[in-house]
Structure formats: structure tokens, C-alpha cells
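Student: Could you take me through one part of this model up close? I'd like to follow the reasoning as well as the numbers.

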Amino acid sequence: MEKVKVEICCGTACYLLGAANMMNIEEELPAEWRGKVEVAAKTCLELCERENLGGAPYVRINDTEIMSQATPEKLLTRIGELIEGAQ
Ligand code: FES
């Protein structure tokens, strides 16, 4: 199974609007998910301009899926769906 790829936008807008709360998401993963998720911090994904600031913070998942107004809870739920669905 490929790892779930999580890219957290750490551009100024996203960082100030909540991305900072997700930077340690790896530490919040349940033990059974460890090693199945790859987390990276990214510079501005350029969605804050295109999609407007209201959607920040943004997280990109598996290169194509965009989560807007991301929170640690939403992100953990989505990671779980992807991991469980892949089994
Ligand atoms: S700062 Fe996150 S998309 Fe621009």
C-alpha cells in the first residue's frame, strides 16, 4: 500500500489561519497508522489567491485532493478513511 501523502500549506495565510496546529499531526496518528502516512510542510500552495482566503488553511492529500479549512480533526478523519479504505 502506498503511503497517504499529506502536504500542509505553511504559507503565511494558511499558517496564521491554523496550519500551525497541524504541524505535529504525525504525533497524533494512532500507532497502527504510523509508517503509512507521509507528512510534509509546503510553501504557499497558491490556493489562497485562487480559491480565496476563506478556505485557508489548505492541505493537499495524495497530490490531487484539496482539503480547505483543514483542522487536525478533519485531517485525521480523512487519513483514516484513506488508510482503512485501502486495506
Ligand atoms: S498560504 Fe496556503 S495556499 Fe497560500
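Tutor: Happily! In this predicted model, Y15, L16, L17, M23 and L53 make a nonpolar surface patch of about 520 Å². One of them, L17, sits in the loop between α1 (12–16) and α2.

Now for helix α4. With 14 residues (72–85) at 1.5 Å a residue, α4 should span 20 Å, and its end C-alpha atoms are indeed 20 Å apart. Its buried residues are P72, L75, L76, I79, G80, L82 and I83. Viewed down the axis of α4, these buried residues fall within an arc of 165 degrees, so they line one face of the helix. That buried set packs against β1 (4–9), α2 (25–28), β2 (37–42), β3 (59–61) and β4 (65–67). On the face turned away from the buried side, α4 carries the exposed residues E73 and G85.

The helix also holds a salt bridge between the side chains of R78 and E81, at 2.8 Å from N to O. R78 and E81 are three residues apart in α4, which means about one helical turn separates them. R78 is partly exposed at 22% relative accessibility, and E81 is partly exposed at 43%.

Two of the strands that α4 packs against, β1 and β2, are joined by a salt bridge of their own: K42 and E7 meet at 3.5 Å, N to O. Because K42 lies in β2 and E7 in β1, the pair ties together parts 35 residues apart in sequence. Here E7 is buried, at 5% relative accessibility, whereas K42 is partly exposed, at 32%. Together with R60, E7 and K42 are linked in a network of salt bridges.

Definitions and conventions
Residues numbered from 1 in each chain as written. Predicted model: local features only at pLDDT ≥ 70, side-chain atom pairs only at ≥ 80, totals over all residues. Heavy atoms only, no water. Helix = DSSP H or I, 4+ residues; strand = E, 2+ residues; numbered from the N terminus. Expected span 1.5 Å × (residues − 1). Buried < 20%, exposed > 50% of the residue type's maximum accessible area, 1.4 Å probe, protein only. Arc of directions from axis to C-beta. Contact = heavy atoms within 4.5 Å. Patch = residues over 30% accessible without salt bridge, like charges linked within 9 Å, V, L, I, M, F, W, Y side chains within 5 Å. Areas by Shrake-Rupley, 256 points an atom, 1.4 Å probe, with all protein chains shown as cover. Salt bridge = Lys/Arg side-chain N within 4 Å of Asp/Glu carboxyl O.
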